[in-house]
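Reader: Can you walk me through this one? I'd like to start with charged side chains.

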Amino acid sequence: MSKDRFTLAYPKPEQCNREGVIRISPRCYSRILGVRARTGLPIGNIAEQCVNFALDRMVLMEEEERDAT
């Protein structure tokens with residue numbers, strides 16, 4: 001599997017919103033806090049960009065492949 005580069009974009013202040021809640025593991029939250037410490041970006045903005053990146057590249061396994069794993 002090749003690794004695509006993921007580059008965080010710095011949004012304009014009006015692009016930040018505070019809608020919705022997601023639950024993530026403590027390990028994932030800790031990793032996001034590390035990114036926030038390095039970039040200064042809000043946690044929600046980092047999480048949204050990560051999710052969008054993943055969803056844009058998501059491949060769903062066919063039912064037979066899922067059963068085989």
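Author: Start with D4 and R57. Their side chains meet in a salt bridge, 3.1 Å from N to O. Keep in mind that this is a predicted model.

Reader: How many salt bridges turn up in the whole structure?

Author: One, from a search of the whole structure.

Reader: Where do D4 and R57 lie?

Author: D4 is in the segment before α1, and R57 is in helix α2. The pair therefore ties together parts that are 53 residues apart in sequence.

Reader: How accessible is D4? And R57?

Author: D4 has a relative accessible area of 46%, so it counts as partly exposed. R57 is partly exposed too, at 41%.

Reader: Why would two such side chains pair up at all?

Author: Side chains of opposite charge can pair when their charged atoms come close.

Reader: OK, aromatics. How many pairs are there in the whole structure?

Author: The search finds one aromatic pair. The partners are F6 and F53. Their ring centres are 4.8 Å apart, with 55° between the planes. That makes the pair tilted.

Reader: What does that pair tie together?

Author: F6 sits in the segment before α1 and F53 in helix α2, so the contact links parts 47 residues apart in sequence.

Reader: Is F6 buried or exposed?

Author: Neither label fits. F6 has 34% relative accessibility, so it counts as partly exposed.

Reader: What about A54 and F6? How far apart are they in space?

Author: The distance is 9.7 Å, C-alpha to C-alpha, with their positions 48 residues apart in sequence. A54 is in helix α2. A54 is partly exposed, at 45% relative accessibility.

Reader: Step back. What's the overall fold pattern along the sequence?

Author: It reads α-α-α. There are three helices and zero strands.

Reader: What share of the residues is buried?

Author: Buried residues make up 12% of the 69 in the protein.

Reader: And the contacts? What share comes from residues 24 or more positions apart?

Author: Among contacts with a separation of 6 or more, 64% come from residues at least 24 positions apart.

Reader: What about the accessible surface?

Author: The total is about 6600 Å². Carbon and sulfur atoms account for 53% of that.

Reader: Which residues form the largest nonpolar core?

Author: Six of them: L8, I32, V35, L41, I46 and A47. Two elements, α1 (26-39) and α2, give two or more residues each to this core.

Reader: Why would residues like those gather?

Author: In soluble globular proteins, nonpolar side chains tend to be buried together.

Reader: Take V35. What does V35 touch?

Author: Leaving out residues up to four places away in sequence, V35 touches L8, G40 and I46. Both L8 and I46 belong to the core with V35.

Reader: Now something polar. Is N45 buried or exposed?

Author: N45 counts as buried, because its relative accessibility is 11%. The cut-off for buried is under 20%. N45 is in helix α2.

Reader: What is N45 in contact with?

Author: A9 and P11, once neighbours within four places in sequence are set aside. There is also a distance to L8. The C-alpha atoms of N45 and L8 are 9.0 Å apart, and the two residues are 37 apart along the chain.

Reader: And G44?

Author: G44 is also found in helix α2. With a relative accessible area of 49%, G44 is partly exposed. Its C-alpha is 9.3 Å from that of V21, a residue 23 away along the chain.

Reader: Last topic, the surface. Which residues form a nonpolar patch there?

Author: V51, L55, M58 and L60. Together they have about 400 Å² of accessible area.

Reader: Where does M58 lie?

Author: M58 is in the loop between α2 (43-57) and α3 (63-68). At 48% relative accessibility, M58 counts as partly exposed.

Key:
Residues are numbered from 1 along each chain as its sequence is written. This is a predicted model: local features need pLDDT of at least 70, side-chain atom pairs count only at pLDDT 80 or more; totals for chains, interfaces and linings use all residues. Side-chain values use heavy atoms; hydrogens and water are left out. Patches are made of residues with over 30% relative accessible area and no salt bridge: like charges are joined within 9 Å, nonpolar side chains (Val, Leu, Ile, Met, Phe, Trp, Tyr) within 5 Å. Accessible areas come from the Shrake-Rupley method with a 1.4 Å probe; for residues, only the protein chains shown count as cover. A salt bridge is a side-chain nitrogen of Lys or Arg within 4 Å of a carboxyl oxygen of Asp or Glu. Helices (H or I, at least four residues) and strands (E, at least two) are DSSP runs, numbered from the N terminus. Buried means under 20% relative accessible area, exposed over 50%, partly exposed in between (1.4 Å probe, protein chains only). Contact means heavy atoms within 4.5 Å. A nonpolar core is a set of buried Ala, Val, Leu, Ile, Met, Phe, Trp, Tyr and Cys residues joined through side-chain atoms within 4.5 Å. Rings of Phe, Tyr and Trp (its six-membered ring) pair if their centres lie within 6.5 Å; planes under 30 degrees apart count as stacked, over 60 as edge-to-face and the rest as tilted.
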